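Visitor: I'm new here and would like a tour. Could you tell me what the labels mean as we go?

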Amino acid sequence: MAIEWSAEVGEFHLRNHLVSYVVRVLESGWLGHVYFGPALAGGKSYGHLVPGEFYGFSNRLGHPVPLEYPTGGGGDYRIPALAIELSDGSGVLDLRHIGHRIIHGKPALPGLPSTYVEVGGEAETLEIVAADHIAEIEVRLLYTIYRDRPLVVRGARIVNTGKAPVILRSAMSASIDLPDSDWQLLTLSGDWARECHVERHDLRPGRQSVSSSRGASGHQHNPFVALARPATTEADGEAYGFSLVYSGNFVAEAEVEPFGTTRVRAGINPEGFSWLLEPGVEFVAPEAVITFSAAGLGGLSDANHSLFRERLARGSWRDRARPIVINNWEATYFDFDEPKLLAIASAASELGIELFALDDGWFGQRNDDSTSLGDWQVNLSKLPGGLESLARKVEALGMRFGIWIEPEMVSPRSNLFAEHPEWAIGIPSRPPTAGRNQYVLDMSRPEVVDHLFEVLSSLLGSAPISYVKWDMNRNITEPHSTTLPAWRQGEFMHRYILGVYSLYDRLTKAFPGILFESCAGGGGRFDPGMLAFAPQGWTSDDTDAIERLRIQWGTSLAYPLSSMAAHVSAVPNHQVGRVTPLATRAAVAFFGVFGYELDPTVLSISERDEIADQVAFYKRWRDLFQRGRFLRLRSPFEGDRNETAWMTVAEDRRSAIVGHYLILSRPNPGPQRLRLRGLDAAVTYRVSLWPPAGEAEGRVAGSVILAGDELMSAGLVLESNRQSAEKGDFRARVYVLEAI
Ligand code: DGJ
């Protein structure tokens with residue numbers, strides 16, 4: 001890994017054995033983007049890669065290079081990275097290189113989550129400083145390259161070096177120009193209960209984007225997009241990934257211009273955003289991770305998974321085995337008392353489940369969703385001994401204890417709202433809009449964050465609490481803070497999320513032993529920003545096994561299995577009413593951070609036996625499920641959409657587990673083979689089905705011995721419905737591969 005600077009030709013070359021990133025300083029001082037892609041040899045100039053006529057009419061007039069951090073008003077009419085309204089009302093910026101430095105390691109971003117380094121020599125950071133002397137604006141562009149990762153982490157800090165305030169209209173985290181547009185834009189889109197569905201469409205002239213203006217990254221689009229060649233598959237072909245380490249309003253956008261080049265930018269959504277930058281003050285944009293893969297979408301996922309798991313998630317739970325949770329939400333909703341909860345916990349502990357998570361409804365007067373958010377005191381009529389007594393009883397059953405909170409919210413019917421109505425977000429002249437009967441607290445106010453820190457610290461310190469599920473069930477309306485002057489209201493949404501980060505930061509530091517799980521009505525804020533504080537998230541409120549195939553497939557494009565909480569729930573499923581076999585529900589939820597979301601006291605004996613086996617199986621293979629290399633094999637978004645297959649492989653490739661799912665049963669099926677990936681071709685594996693033969697009636701008995709090369713080249717012959725007594729729809733097969 002190296003960051004080379006050639007003063008002679010004015011070129012920066014960030015490179016490791018996987019990727020190169022080249023920036024050129026033109027004679028004028030303009031910063032030109034030259035290249036990001038597969039590694040190029042060092043010690044050479046690549047300035048000739050951008051021919052003049054190619055960009056002639058759509059860039060800074062007469063200067064044949066796409067700008068590294070493009071601005072408007074100077075002949076580049078495409079989407080800018082930076083837009084500033086200067087004190088004279090003009091918006092032209094002309095940034096020229098004035099210096100740079102190379103830093104060992106990677107500096108943290110003030111107030112924002114960011115990736116980091118842990119060992120010396122792991123990464124280097126280039127900071128390029130460019131300035132416009134007329135506008136008196138300085139921009140510090142940050143680029144980190146890690147030794148062994150096919151990616152560059154980018155950031156930008158904007159400083160007002162003048163004497164008058166200016167208004168930031170747009171400050172992207174990254175912008176990059178690619179020389180052609182033969183790409184498809186892949187996004188993770190959907191809505192509540194159907195998050196992260198893969199959309200993949202050809203780029204066409206003009207702009208194509210996904211964004212959020214909800215105050216959270218949102219269920220609708222994830223702050224991850226990829227560009228893939230039309231022929232790119234999971235295993236082969238070129239792809240670029242763009243992830244924004246941010247949980248608020250974002251945009252990720254591609255623009256194809258008339259010469260067929262493509263610009264991609266990612267950052268805070270400029271719509272509704274402005275930031276007054278006083279003289280001498282700096283604005284820090286969140287960071288973006290841009291990844292290149294020549295090994296298909298799977299290569300992008302490999303890079304993101306390991307970066308997010310190893311150098312974005314932090315704290316004592318980063319590398320620890322995550323417990324199997326039972327959550328009482330779908331078992332009880334708001335209707336519970338201590339005996340009912342202890343009965344659930346006791347039955348769960350007999351099944352080997354490790355942590356009991358008490359969901360919504362334990363505080364204030366909360367017996368439905370109309371009241372008490374903000375009043376984080378235990379409801380003594382439901383839990384007469386308080387949280388401590390319940391937690392200790394749960395611990396006596398051999399389990400850990402955790403709770404649900406939704407700190408950012410306040411119910412109109414609550415003591416907190418009665419005392420501090422001004423803390424709820426709203427515009428004084430308008431009636432506020434309630435969502436799920438609740439308002440959002442103004443997290444841009446430091447006193448709100450301080451109050452929440454105090455109340456939640458005393459709560460978390462009051463009982464042996466090992467786990468917290470931090471929920472966020474509505475988006476922001478009437479975005480406005482009464483503490484900000486009129487001309488600063490465009491800052492509100494970003495200040496809100498900075499307040500959320502500040503609270504998360506303080507609480508996770510004060511309670512380093514607690515495992516935090518982020519949630520926003522499921523995956524409504526499942527993003528890299530949250531992962532920096534909560535190493536796992538509730539992937540979706542939809543726990544139907546078949547819907548989860550799509551949700552978990554899409555989520556895994558960007559996020560590791562260790563971040564994806566996945567639970568087995570009761571049937572008929574509460575979201576879609578579908579009845580799926582218990583084994584299938586487990587076979588899907590295994591591929592994530594496994595748990596249960598049902599009432600174990602009402603199970604039949606055979607269901608209890610089955611669950612005990614599932615729990616034991618997951619514990620046996622937990623490391624593989626949470627930390628193995630995840631490979632997607634058959635997509636629920638392609639073909640007839642009737643099948644899904646994926647697998648996880650141990651780092652030493654001596655074990656692997658494959659999940660194959662058939663949605664609707666087909667009559668008289670032909671023999672089917674599934675080609676595996678990521679195994680050791682030279683190793684021989686014992687392949688056995690889970691649950692083992694005998695436990696599931698009619699299963700093909702025993703195991704088979706097969707070589708890695710055969711499994712990858714010829715494929716695994718799948719057990720068919722003909723061979724198994726387990727006929728019917730929604731069937732899963734789980735294969736365990738162990739080296740012999
Ligand atoms: C939404 C979450 O996603 C659910 O799991 C549950 O915690 C409810 N909120 C509780 O209100």
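Guide: Gladly. A residue counts as near a molecule or strand if one of its heavy atoms lies within 4 Å of it. This is a predicted model, where local features need pLDDT of at least 70 and side-chain atom pairs count only at pLDDT 80 or more, while totals for chains, interfaces and linings use all residues. Residues are numbered from 1 along each chain as its sequence is written, and side-chain values use heavy atoms, with hydrogens and water left out.

Visitor: Which residues are the closest to the ligand, and how many surround it?

Guide: There are 13 around the ligand, and the closest are Asp359, Asp360, Lys469, Asp471 and Asp541. The shell divides into four nonpolar, three polar and six charged residues. For those labels, Ala, Val, Leu, Ile, Met, Phe, Trp, Tyr, Cys and Pro count as nonpolar, Asp, Glu, Lys and Arg as charged, and the others, Gly among them, as polar.

Visitor: What makes the link between Lys469 and the ligand a polar contact?

Guide: A polar contact is a pair of N or O atoms within 3.5 Å; within protein, one must be able to donate a hydrogen and the other to accept it, and residues adjacent in sequence count only if both atoms are side-chain atoms. An N or O atom in the Lys469 side chain is 2.7 Å from an oxygen atom of the ligand, so this pair fits the cut-off. For Trp404 the distance to a ligand oxygen is 3.1 Å, and for a polar side-chain atom of Trp538 it is 3.4 Å. Taken alone the ligand exposes 290 Å², and the protein buries 98% of that; such areas come from the Shrake-Rupley method with a 1.4 Å probe, and for residues only the protein chains shown count as cover.

Visitor: Why is Ser247 called buried?

Guide: Buried means under 20% relative accessible area, exposed over 50%, and partly exposed in between (1.4 Å probe, protein chains only). Ser247 has 0%, so it is buried. Ser247 sits in the loop between strand 15 (239-244) and strand 16 (250-256). Its side chain makes a 2.7 Å polar contact with the side chain of Tyr501, and also reaches the backbone nitrogen of Met530 at 3.4 Å.

Visitor: How do you know that Cys196 is in no disulfide?

Guide: A disulfide is a pair of cysteine sulfur atoms within 2.5 Å, and by this rule the count comes to zero. The nearest cysteine sulfur to Cys196 is that of Cys519, 14 Å away, so the pair misses the cut-off. Cys196 counts as buried at 5% relative accessibility, and Cys519 is buried too, at 3%.

Visitor: What makes strand 8 and strand 9 a pair?

Guide: Strands (E, at least two residues) and helices (H or I, at least four) are DSSP runs, numbered from the N terminus. Two strands pair if DSSP finds at least two bridges between them. Strand 8 (residues 137-146) and strand 9 are joined by nine bridges, so they pair, and they run antiparallel. Leu141 has Ala156 in strand 9 as its bridge partner, and four residues lie between the two strands of this hairpin.

Visitor: Which other strands does strand 9 pair with?

Guide: Strand 9 pairs with strand 20 (residues 288-293) in the antiparallel sense over four bridges, where Val152 partners Ile290. Three bridges join strand 9 to strand 19 (residues 282-284), also antiparallel, with Phe283 as the partner of Ile158.

Visitor: How many residues of strand 9 are buried?

Guide: Ten of the ten in strand 9 (residues 151-160) are buried. Both faces are covered, with Leu151 among the buried residues on one side and Val152 among those on the other.
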